[in-house]
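The following note sets out some points on the helices and loops of a model. It is meant to be read with the structure in view.

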Amino acid sequence: MHSVNANGASIPALGLGTWTLKGQECTELVSRALSIGYRHVDTARAYGNEDSVGEGLRASGIARDELFVTTKVWWTEIAPGDLERSAEASLKDLGLDQVDLLLIHWPNPRIPLESSIKALNAVRRMGLTRHIGVANFPTSLLAEAISLSEAPLVCNQVEYHPYLDQSKMLRMCRESGLALVSYCPLFRGGGLFEEKAVQDAAARHGKTPGQIVLRWHVQQQGVSAIPRTSRAERLAENIAVFDFALSDAEMAAISALTSQNKRICDYDFSPEWDAA
C-alpha cells in the first residue's frame, strides 16, 4: 500500500471510510477490507460505530502494528477535559490502547481554538494517539491551529473530489507538511462518473470511473482518500488503483471539473471560516 508522509506520520494513501456504517455490516466490511489489503480505517466518535469498527479490526486477524486507525472528536467535545474524555471513550469502544491519528472533527467557534489544540496535544502526550490533526478546518483556521500546536499536525481531513476546488487548501497543506485526507472522494448525487474526462480515462485504462477518480486523488502529492462503501464487492474495486497512472492531460482534464465547485457538506459556522 502506498503511503503519504506527513510531518512524521505515514498515512496509507487509500483507506476505508465508515461514516453511516453500523453494527454487523460495519464489522464485516472492516474485516473484509483489511483481508484484501486495506490498512487505513477511518471512524469518528459521532459515527456511533467505534465498537463495530473495533470488532472488525480484531476479526481481521491483522497485527495492530500493520494498521492505521483514525478517529475524531466531535466539535461539542473539544474543550479541555471533554476532549480527553472523548478520546478515552473512543479507545474503550475500539478496544485499542492507542489510535494512530486523532482529529478534531470540526472547529467550534464557541470554544477557544488555543484550548482545544492544547487538549489535543495533551492527549498525544498521554499516549492515547500517535499523531494529531484536524478536520474541516478552512485555511485561515488551519494556519492558526498549526501555529498553536506543540506537536506537528499531520493532516486536515476535508471534503475533496473533482467537483470541488481545494487547490488553496492543498497548497497550504503541502507547504506545512500536512496530508490532505479527502472524504467523499467519489462525490455523491451522481454526474461525476458520467463526465467525459472520467469516461475517456476509464476507457483508455480499462478501469471503472470510480477507479479513475480515486487514482486522480492518490496521484496528487500529499493526498490520501477514504472512500466509504456499504458493498463488499466495491472494496476490491476501490483499492485496485495502484497498477496504472493517469497522464498529465488526464489529470488536468479531471481537475478542470473543479470549476463547478459543488459541495456536499455545508460549513455551518461563521462566514469568515470560508472552506476554500
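1. Helices, written α, and strands, written β, are runs assigned by DSSP and numbered from the N terminus. With these names in hand, Ala245 can be placed in the loop between α9 (232-239) and α10. The model is a predicted one, and every point below should be read with that in mind.

2. Is Ala245 buried, exposed or partly exposed? Its relative accessibility is 43%. Since buried means under 20% and exposed means over 50%, Ala245 therefore counts as partly exposed. Leaving aside residues up to four places away in sequence, Ala245 touches His205, Arg215, Gln219 and Glu250. Ala245 and Cys265 are 20 residues apart along the chain, and their C-alpha atoms are separated by 29 Å.

3. Helix α9 itself has buried residues, namely Leu235, Glu237, Asn238 and Ile239. What do the buried residues of α9 pack against? Their partners are β3 (16-17), α1 and α8 (209-218).

4. The next helix after that loop, α10 (residues 248-255), packs with α7 (residues 196-205) at an angle of about 150°, and the two axes are 9 Å apart. Angles over 145 degrees count as roughly antiparallel, and α7 and α10 are therefore roughly antiparallel to each other. Their crossing is left-handed. On the α7 side the contact is made by Ala197, Val198, Ala201, Arg204 and His205, and on the α10 side by Glu250, Ala253 and Ile254. By class, the contact of α7 with α10 has five nonpolar residues, one polar residue and two charged residues.

5. A second helix pair is α1 (residues 23-35) with α2 (residues 50-60), which pack at an angle of about 40° with their axes 7 Å apart. The crossing of α1 past α2 is right-handed. Which residues meet here? From α1 come Gly23, Cys26, Thr27, Val30, Ser31 and Leu34, while α2 supplies Ser52, Val53, Glu55, Gly56, Leu57, Ala59 and Ser60. The residues of this contact of α1 with α2 divide into six nonpolar, six polar and one charged.

6. Helix α4 (residues 113-125) offers a check on helix length. Its 13 residues, at 1.5 Å a residue, should span 18 Å, because the expected span takes one less than the number of residues. The end C-alpha atoms of α4 are 18 Å apart, which agrees with that expectation. Just after α4, Gly127 takes a positive phi of about 85°.

7. Which residues of α4 are buried? They are Leu113, Ser115, Ser116, Ile117, Ala119, Leu120, Asn121, Ala122 and Val123. The buried residues of α4 pack against three strands and two helices listed here by name: β6 (99-104), β7 (129-135) and β8 (153-159), together with α3 (82-94) and α5 (139-148).

8. The pairing of α4 with α5 can be described further. The axes of α4 and α5 come within 9 Å and cross at roughly 50°. That angle makes α4 oblique to α5. The crossing of α4 and α5 is right-handed. Leu113, Glu114 and Ile117 in α4 meet Leu141, Glu144, Ala145 and Leu148 in α5. Sorted by class, the contact of α4 with α5 has five nonpolar, no polar and two charged residues.

9. Ala87 is found in helix α3, one of the elements packed against the buried residues of α4. Is Ala87 buried or exposed? With a relative accessible area of 3%, Ala87 is buried. Not counting residues up to four places away in sequence, Ala87 touches Leu102, Val123 and Leu128. The C-alpha atoms of Ala87 and Val99 are separated by 9.2 Å, and these residues are 12 places apart along the chain.

10. Two loop residues deserve a look for their backbone angles. Asn136, in the loop between β7 and α5, has a phi near 60°, a positive value in a residue other than glycine. At 1% relative accessibility, Asn136 counts as buried. Cys184 lies in the loop between β9 (179-183) and α7. Although Cys184 is not a glycine, its phi is positive, at about 50°. Cys184 has 12% relative accessibility and therefore counts as buried.

Definitions and conventions
Residues are numbered from 1 along each chain as its sequence is written. This is a predicted model: local features need pLDDT of at least 70, side-chain atom pairs count only at pLDDT 80 or more; totals for chains, interfaces and linings use all residues. Side-chain values use heavy atoms; hydrogens and water are left out. Helices (H or I, at least four residues) and strands (E, at least two) are DSSP runs, numbered from the N terminus. Buried means under 20% relative accessible area, exposed over 50%, partly exposed in between (1.4 Å probe, protein chains only). Contact means heavy atoms within 4.5 Å. Axes are lines fitted to C-alpha atoms, for helices over the stretch in contact, and angles run from 0 to 180 degrees between N-to-C directions. A crossing is left-handed if the near helix is turned anticlockwise from the far one by less than a right angle, and right-handed if clockwise. Ala, Val, Leu, Ile, Met, Phe, Trp, Tyr, Cys and Pro count as nonpolar, Asp, Glu, Lys and Arg as charged, and the others, Gly among them, as polar. Angles under 35 degrees count as roughly parallel, over 145 as roughly antiparallel, 65 to 115 as roughly perpendicular and the rest as oblique.
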